[in-house]
Amino acid sequence: MADTHKISFEPVDIEMEVGEDETILDAAFRQGIHLMHGCREGRCSACKSYMLEGDVQMDDYSTFACNDAEEAEGYVLLCRTYAYSDCEIELLNFDEDELLGGAPIQDVTTKVAAIEPMTPDIVSLKLDVVEPESVEFKSGQYFDLFIPGTEDKRSFSIATTPATPDRLEFLIKKYPGGLFAGMLTDGLSVGQEIKLNGPYGSCTLRNGHVLPIVAIGGGAGV
Ligand code: FES
């Protein structure tokens, strides 16, 4: 069993434990703490925070998300950061309402309900939620979908609203050579089981937001 350390987050005064074999972001999710995040792969900088104290190491990440000068100054990407001592970390970007009150991240079992081409390169994948019977999420979030029978996964935004928590739809762009693209063409059938994990993502509409919003969708446009 990996050694564990205590993480204190400022200025929100929240503490949690982290094992040396998990990132600080994953440890937070496991303990129901919804830190700000996006890609979870060290590429977007949404989880960038500042080390006040402690011994940490970061896995591979993009210097677009955290450049060398920032890293030298003490900035870290929590989705790529492993702790090797107790740490004190300043969150630069957080939503106090979400921190301890976001939708729980969980493993979900689904069955394929329909696979329909929407355009030559975009497919609608509809999944019936089997276990638990429904899922809680916010519009703008995404799930990790596992390739059946493997640990390989891909992240896709949810195209349906929380009004149908027992039926999820994903609009998937078929990139040439993409892992899911090939499976959608001739490897997946109605009734087949697909495991999900989530929901992830902090790009959601906040309660009380009043200003106009301009949204730009990439990929399949969701
Ligand atoms: S860099 Fe994107 S979530 Fe950490």
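## Where two domains meet

Across the interface of domain 1 and domain 2, the rule finds 4 residue pairs in polar contact, with both residues at pLDDT 80 or more; a polar contact is a pair of N or O atoms within 3.5 Å, where within protein one must be able to donate a hydrogen and the other to accept it, and residues adjacent in sequence count only if both atoms are side-chain atoms. By class, the side of domain 1 that touches domain 2 has 2 nonpolar, 2 polar and 2 charged residues.

This is a predicted model, in which local features need pLDDT of at least 70 and side-chain atom pairs count only at pLDDT 80 or more, while totals for chains, interfaces and linings use all residues. Residues are numbered from 1 along each chain as its sequence is written, and side-chain values use heavy atoms, with hydrogens and water left out.

The domain assignment, which is automatic or comes from a database, gives domain 1 (4-99) and domain 2 (106-200), and their C-alpha centres lie 28 Å apart. Contact, meaning heavy atoms within 4.5 Å, joins 6 residues of domain 1 to 6 residues of domain 2.

The same rule-based view finds 2 salt bridges across this interface, a salt bridge being a side-chain nitrogen of Lys or Arg within 4 Å of a carboxyl oxygen of Asp or Glu. Lys 138 forms a salt bridge with Glu 98, and their closest N and O atoms are 2.2 Å apart.

The structure holds 0 disulfides, that is, pairs of cysteine sulfur atoms within 2.5 Å. Two cysteines are listed below; each counts as buried because its relative accessible area is under 20% (exposed is over 50%, partly exposed in between; 1.4 Å probe, protein chains only).

| Residue | Relative accessible area |
|---|---|
| Cys 47 | 6% |
| Cys 79 | 5% |

Key
Nonpolar A, V, L, I, M, F, W, Y, C, P; charged D, E, K, R; others polar.
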